[in-house]
Amino acid sequence: MKPFLDMEAVRAILEGRGGYPVSVYVHVPFCARRCRYCDFFSVAGAGVRVMEGYVERVLEVLEQMLALLRPSEIPTVYVGGGTPNVLPLRLWERLLKGIRERVEVWGRPVEWTVEVNPEWVDEEKVEVLGEGGVTRVSLGVQGLDEGFLRLMGRGAGRREVERAVEVLAGWGGRVSVDLLAGRPRGMSGDVVRELEEVSGWGAGHVSVYGLTVEEGTVLGAMVRRGEVVMPDEEELAGEWEAICRWFGERGFVRYEVSNFALPGEECLHNLRYWRLEPYLGVGPSAVSTLPGKEGPVRVRQVRDVGRFVAEGGVWEEVEVIGPQAFLLEWFMMGLRTREGVEGERFRRVWGVGVEEVLGEVGRRWCGWGAAEMGESGIRLSEHGLDILDSLLKALPILIWEKQIGKPLWP
Ligand code: SF4
């Protein structure tokens, strides 16, 4: 891992390839305030001048990187954060239209998602979505119970959420909703009851993430001091079962461990990410996985808004991913999804079949009813997805013992 490479060095690593599809992620590192559970990279309370500098710089870096990569197409774009729609209208418009201009040089993406937080959704910003080419919005609701939202330090209460849903209903694009499960004990909110309400909004995609207690967060300190008590394994399993049942009964497919969609509503951007297709991340802390001269390369941009604006394409970490590590990631990511690890592509990239690599371990999973494996690859059953973490524990040793050649990727 080499620290602080400049754009010249990145060019030396990546140049000479090109001609393959690349997805684009743009990180907007601003929030009005920090939620108590969050450990993502974002800055609270930044002024307009800082945001302005960021928008210009991120567009410049995006343009430079796309010119360097020369993608055959950009199938998907994802603008995430932070809270992208905390940007004032003028900068929101400049960012979205600026991304569109730069991306559409390489063709029109089939899907373009923007994350928004309810309290910053308004008619004018929603109007810009359509003009900017956005096709899908991911609405960070997280919950509808006022007590829970307050405890988590969220900026929106039920009223703001309902207002955002109303405004977005007139927009016409696809809407996904994020909810948090595994809430602290004593919360009156119940995810399944909230799902009933969410289903009335017409969202075809819902992500339900388990609330995790991260070191260094306010929630972490509250749990340590005993002010907040988190549910135990058994309670979590019971809740998760009820959530999956609710979705199943309404025709939603659990197409990834935490993501549920009606047919055709899956997030293509995230699917490409789990399939380990090349993607470019721009903005402070954004990560890219791209083909390099020595093999797949993972780069991360500097986690510092000031440095990002002042110096532009600063890469804080550059790592050439060795074959074993990349293969392990291939399984870790692929097995999270309902489609699993697809056999034909696997053989093309790795020169061997899925069955040859997984061998006895894969057959054991099949025997437990946790997976199906064959020429077409391997995919986990509903039960397999539930016990994913314990299944994956067998993989590092298995893969580290294999002789694996350099992947023919992408
Ligand atoms: S709005 Fe999102 S990114 Fe910002 S602090 Fe809250 S959870 Fe983190």
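Is Leu276 buried or exposed? Leu276 is buried, with a relative accessible area of 4%. That residue is one stop on a short tour of this predicted model. The tour begins with the whole protein chain, which has 17 helices and 18 strands, and then visits a few places where the backbone does something worth a look.

**The chain as a whole**

- The protein chain has a radius of gyration of 21 Å, which agrees with the value near 22 Å that a compact globule of 410 residues would have.
- Along the principal axes, the C-alpha atoms fit in a box of roughly 55 × 50 × 45 Å.
- Of the 410 residues in the protein chain, 54% are buried.
- Take the contacts between residues at least 6 apart in sequence: 71% of them join residues at least 24 apart.

**Surface and charge**

- The protein chain exposes about 17,900 Å², and 51% of that area comes from carbon and sulfur atoms.
- There are 49 positive and 63 negative charges in the protein chain, and the mean positions of these two sets lie 3 Å apart.

**Two cis peptide bonds**

- One cis peptide bond runs from Gly81 to Gly82, with omega near 20°.
- To find Gly82, look in the loop that links strand E5 (76-81) to helix H3 (89-103).
- Another cis peptide bond runs from Trp409 to Pro410, and here omega is near 5°.
- Pro410 belongs to the segment after helix H17 (395-400).

**Two residues with positive phi**

- Arg70 is not a glycine, yet its phi is positive, at about 45°.
- You can find Arg70 in the loop between helix H2 (48-69) and strand E5.
- Why does Arg70 count as partly exposed? Arg70 has 40% relative accessibility, and partly exposed covers the range between the buried cut-off of under 20% and the exposed cut-off of over 50%.
- Leu276 is not a glycine either, and has a positive phi of about 55°.
- The loop that holds Leu276 sits between helix H10 (268-274) and strand E12 (279-282).
- Leu276 counts as buried because its relative accessible area is 4%, and the cut-off for buried is under 20%.

**To take with you**

- Both Arg70 and Leu276 have a positive phi without being glycine, but Arg70 is partly exposed whereas Leu276 is buried.
- When you explore the model, try finding the cis bonds from Gly81 to Gly82 and from Trp409 to Pro410.

Methods
Residues are numbered from 1 along each chain as its sequence is written. This is a predicted model: local features need pLDDT of at least 70, side-chain atom pairs count only at pLDDT 80 or more; totals for chains, interfaces and linings use all residues. Side-chain values use heavy atoms; hydrogens and water are left out. Helices (H or I, at least four residues) and strands (E, at least two) are DSSP runs, numbered from the N terminus. Buried means under 20% relative accessible area, exposed over 50%, partly exposed in between (1.4 Å probe, protein chains only). The radius of gyration is taken over C-alpha atoms; the globule rule is 2.2 Å times the number of residues to the power 0.38. Contact means heavy atoms within 4.5 Å. Accessible areas come from the Shrake-Rupley method with a 1.4 Å probe; for residues, only the protein chains shown count as cover. Lys and Arg count as positive and Asp and Glu as negative; His and the chain ends are not counted. The place of a charge is taken as NZ of Lys, CZ of Arg, CG of Asp or CD of Glu.
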